[in-house]
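Visitor: Please show me the model. I would like to ask how its labels are justified.

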Amino acid sequence: MAEPDEQPAGVDPRGPRSADVFQRSEAVVLIDGPSGAGKSTFASRLVGDWPGPVEPILVRMDDVYPGWGGLDAASVQVFRHLLVPRSHGEPGRWRRYDWVGARPAEWHVVATGRPLVVEGCGSLSRAAAPLADLRVWIDAPAEVRKDRALARDAGGFDEHWDMWSSQVARFERREDPRSLADVVIVNADGEADAWLDAVISGTADPRRRP
């Protein structure tokens, strides 16, 4: 366990004190990074162990992408329909994509009064970043990420890997989400869990660089 004000290895802290974020009923956390970095597991645990008084709502970009070519469309949708209304104190919404039927499905309303965690590639754009209270970028070595992602989806991702990776690369070149992040975690061997252990227990907080 890290000592107070000491960050686990692999973590680049730049953000506001997370304890302050956790106490806000309208806090917004964006978790981005390339496929296989560990974002989904990180987000699930962050929501499950949220140390604030109100449990957050979790929105996963995987549920929003309108097909394998839909990274940019989902990024814009979440910004316009979810984050912008929430920034004005109004309910936001997002539309689920039916992957089996290959068509848009129902809209989901996200009420105010609870923190919001959005996880997935494309969540941390230049437009979205100012509307978030905590921005997290999670990465890992390319070979580690690919092995994780393909094993997780049991063959369902294999034929789409190159196309998806190209979209992610374009998004990263255009939006530079890593530079927008308050916290950068290189999650090669449990570093994301170490960050959560330290922050949730109150023994460490991400701090903004001077």
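Guide: What follows is a short round of questions on one helix and on the cores.

Guide: This is a predicted model, where local features need pLDDT of at least 70, side-chain atom pairs count only at pLDDT 80 or more, and totals for chains, interfaces and linings use all residues. Residues are numbered from 1 along each chain as its sequence is written, and side-chain values use heavy atoms, with hydrogens and water left out.

Visitor: How do you know that the span of helix H5 agrees with its 15 residues?

Guide: Helices are DSSP runs of H or I, at least four residues, and strands are runs of E, at least two, numbered from the N terminus. The expected span is 1.5 Å times one less than the number of residues. For H5, residues 161-175, that gives 21 Å, and the end C-alpha atoms are 21 Å apart, so the two agree.

Visitor: Which residues of H5 are buried?

Guide: Buried means under 20% relative accessible area, exposed over 50%, partly exposed in between (1.4 Å probe, protein chains only). Trp161, Trp164, Gln167, Val168, Phe171 and Glu175 are the buried ones.

Visitor: What puts them on the same side of H5?

Guide: The arc is taken from the directions from the helix axis to the C-beta atoms. They cover only 135 degrees, so they share a side. Asp162 and Arg173 are exposed on the other side.

Visitor: What makes a nonpolar core?

Guide: Buried Ala, Val, Leu, Ile, Met, Phe, Trp, Tyr and Cys residues, joined through side-chain atoms within 4.5 Å. The largest has 27 residues. H3 gives the most to this core, with five residues.
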